[in-house]
Amino acid sequence: MNSIKQSFNLEGKVAIITGSSKGIGKSIAQGLAEQGAKVVISSRSQDAVDEVAREFQGAGLKAIGIACHVGKADQRKTLVQKTIEHYGGVDILVNNAAINPVFGPIEDADESIFDKIMDINVKAPWMLSNLILESMQQRGGGSIINIASVEALHPGAGLGLYSTSKAALLMLTKNQAKEWGQHGIRANVVCPGLIKTKFSAALWQNEKLLNKIEKTLPTARMGMPDEMAGIVCLLSSKAGAYMTGGVYNADGGYMIAG
Ligand SMILES: NC(=O)c1ccc[n+]([C@@H]2O[C@H](COP(=O)([O-])OP(=O)(O)OC[C@H]3O[C@@H](n4cnc5c(N)ncnc54)[C@H](OP(=O)(O)O)[C@@H]3O)[C@@H](O)[C@H]2O)c1
């Protein structure tokens, strides 16, 4: 009898998680490492990723920190090269880093803001995935998890360009799943709802707004970063071997609210 419990084990797997010095990315990295994976903590600051790697190592987890601004081609290349040098390859890529520099009507945003959002939220996951393709092929497969948002599926308020970028990421993922399935590579999207991190502080620090949002949710509360890790562990592991091209909400019921 095959052990189902064992199919969640990530022992021997190597995972890169972008934007993992804090928030959702850090929780995902912790979850993957606790399942046995060797993780690469990454964000723009070497100091920040070193600190998280040290914290993980102190807890008996396997982690290294490699700084990478995902919008910079040379740094994306270095991230993949250094990971392969250190760990021998890549099995799991979590494209988690993203930005949302503006709130407001779509017509008010500057063209340069549009370019910046698309660069970080869409182009970077596309190019980073392309860079790890060869290693995943050599290892007989892999799992790509792209962190989108419920904004990819349902327009919120004042988040038009961010929403558009996350919808593009969703379709990128489906194409990765379709084109790279032949190499044993799976690609899936996770769409978080409102999660308590620095990224969403403008929403949850406004008590009136937070109450209004939480009232509409079946769970009646916002989510916490560590509640995003379980779904990524599943999608990364053999337990999720039949899941590809999927879009999975972890949103407290936001998509069925109202
Ligand atoms: N929080 C929510 O409510 C929510 C909801 C839906 C979706 N999401 C998605 O969840 C993901 C993570 O968000 P979060 O809430 O965890 O954000 P967060 O707490 O602000 O953390 C963002 C992380 O990304 C890093 N980062 C920022 N810009 C980067 C860049 N250009 N290159 C590399 N790393 C970069 C940050 O570190 P440095 O500053 O050191 O680079 C940090 O580690 C994003 O894709 C976001 O769109 C969040």
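A residue counts as buried when its relative accessible area is under 20%. Keep that cut-off in hand as we walk through this predicted model, because Tyr162, at 8% relative accessibility, falls on the buried side of it.

Tyr162 is also a good way in to the ligand site. Around the ligand sit 29 residues, and Tyr162 is among the closest, together with Ser21, Arg44, Asn96 and Thr197. Sort that shell by type and you get 13 nonpolar residues, twelve polar and four charged. Two of the helices that feed into it are helix 1 (23-34) and helix 5 (160-180), each giving at least two residues.

Now for the polar contacts. The side chain of Ser21 places an N or O atom 2.7 Å from an oxygen atom of the ligand. Next to look at is the backbone: a polar backbone atom of Lys22 is 3.5 Å from a ligand oxygen, and for Gly193 a backbone N or O atom lies 3.4 Å from one. On its own the ligand would have 890 Å² of accessible area, and the protein covers 93% of that.

Back to Tyr162, this time for its ring. The model has one aromatic pair: Tyr162 with Phe199, tilted, with 5.7 Å from centre to centre and 50° between the planes. Tyr162 belongs to helix 5 while Phe199 is in the loop between strand 6 (185-192) and helix 6 (201-204), so the pair ties together parts 37 residues apart in sequence. What about the cover on Phe199? At 44% relative accessibility, Phe199 counts as partly exposed.

One last ring to check is that of Trp204: Lys196 lies over its face, 5.0 Å from the ring centre.

Definitions and conventions. Residues are numbered from 1 along each chain as its sequence is written. This is a predicted model: local features need pLDDT of at least 70, side-chain atom pairs count only at pLDDT 80 or more; totals for chains, interfaces and linings use all residues. Side-chain values use heavy atoms; hydrogens and water are left out. A residue is near a molecule or strand if one of its heavy atoms lies within 4 Å of it. A polar contact is a pair of N or O atoms within 3.5 Å; within protein, one must be able to donate a hydrogen and the other to accept it, and residues adjacent in sequence count only if both atoms are side-chain atoms. Accessible areas come from the Shrake-Rupley method with a 1.4 Å probe; for residues, only the protein chains shown count as cover. Helices (H or I, at least four residues) and strands (E, at least two) are DSSP runs, numbered from the N terminus. Ala, Val, Leu, Ile, Met, Phe, Trp, Tyr, Cys and Pro count as nonpolar, Asp, Glu, Lys and Arg as charged, and the others, Gly among them, as polar. Rings of Phe, Tyr and Trp (its six-membered ring) pair if their centres lie within 6.5 Å; planes under 30 degrees apart count as stacked, over 60 as edge-to-face and the rest as tilted. Buried means under 20% relative accessible area, exposed over 50%, partly exposed in between (1.4 Å probe, protein chains only). A charge sits over a ring if NZ of Lys or CZ of Arg is within 6 Å of the ring centre and within 35 degrees of the ring normal.
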